[in-house]
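Here is a walk through one predicted model. Keep the viewer open and follow the helices as they come up.

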Amino acid sequence: LAAHRYALIPALIKAVMHAESHFNRYAVSRVGAQGLMQLMPATAASMNINDPFDVQQNILGGAELLSWLQSRFGSLDKVLAAYNAGANNVTRYRGIPPFGETIRYVAKVKELLPRYRKQFAQQGETLARR
């Protein structure tokens, strides 16, 4: 639903979810990001998300943010860096900011992405055989 609505590949949403919260819908980061996609309260509020721990609301909000970042930055590296460190930091540094956490985050999501691409491809093959 979220991938289709925001023209994203499902594997990207799942990889971000994995890297952000390890699929813990009640995760809260040290800086206050919440839920599966680890949305900051102000970001969630700007998207009219009234319960950041609601799985559907959180995933839709994270997908909307990824889609907006994609339209703004284009490249996957910049999109992921902005998701982690904020769009202003990506603009300021003209790419991935020199923050260890962000550098590791971008690498982690890109490492997870092929796994989830393969998983979704296999699911599609299974559905096609039915």
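**Helix packing and the core**

In helix 4, Gly62, Leu65, Leu66, Leu69, Gln70 and Phe73 meet Lys78, Val79, Ala82 and Tyr83 of helix 5. By class, this contact has seven nonpolar, two polar and one charged residues. Helix 5 covers residues 76-85. Its axis and that of helix 4 come within 9 Å and cross at roughly 130°. That angle lies outside the 65 to 115 degrees of a roughly perpendicular pair and is not over 145, so helix 4 and helix 5 count as oblique to each other. Their crossing is right-handed.

Stay with helix 5. Its buried residues are Val79, Leu80, Ala81, Ala82, Tyr83 and Ala85. Val79, Ala82 and Tyr83 also belong to the contact with helix 4. Gly86 follows helix 5, and its phi is positive, near 100°.

Now turn to the other partner of helix 4. Helix 4 spans residues 55-73, and helix 2 spans residues 10-21. The axes of helix 2 and helix 4 come within 11 Å and cross at roughly 110°. Angles of 65 to 115 degrees count as roughly perpendicular, and helix 2 and helix 4 are therefore roughly perpendicular to each other. Helix 2 passes helix 4 in a right-handed crossing. On the helix 2 side, the contact is made by Leu12, Ile13, Val16 and Met17. Helix 4 supplies Ile59, Ala63 and Leu66. The residues of this contact divide into seven nonpolar, no polar and no charged. Leu66 also takes part in the contact of helix 4 with helix 5.

Where do these pieces come together? Look at the largest nonpolar core, which has 36 residues. Leu12, Ile13, Val16, Met37, Leu66, Leu69 and Tyr83 touch the most other members. Helix 1 (2-5), helix 2, helix 4, helix 5, helix 6 (87-93) and helix 7 (100-129) each give two or more residues to this core. Helix 4 gives the most, with seven residues.

Take Val16 as a case. Leaving aside residues up to four places away in sequence, Val16 touches Met37, Leu66, Leu80, Tyr83, Tyr105 and Val109.

End on His18, also found in helix 2. Is His18 buried or exposed? Its relative accessible area is 9%. The cut-off for buried is under 20%, so His18 is buried. With residues up to four places away in sequence not counted, His18 touches Phe23, Leu112, Arg115 and Tyr116.

Conventions:
Residues numbered from 1 in each chain as written. Predicted model: local features only at pLDDT ≥ 70, side-chain atom pairs only at ≥ 80, totals over all residues. Heavy atoms only, no water. Helix = DSSP H or I, 4+ residues; strand = E, 2+ residues; numbered from the N terminus. Buried < 20%, exposed > 50% of the residue type's maximum accessible area, 1.4 Å probe, protein only. Contact = heavy atoms within 4.5 Å. Axes fitted to C-alpha atoms, helices over the stretch in contact; angles between N-to-C directions. Parallel < 35°, antiparallel > 145°, perpendicular 65-115°, else oblique. Left-handed = near helix turned anticlockwise from the far one by under 90°. Nonpolar A, V, L, I, M, F, W, Y, C, P; charged D, E, K, R; others polar. Core = buried A, V, L, I, M, F, W, Y, C linked by side-chain atoms within 4.5 Å.
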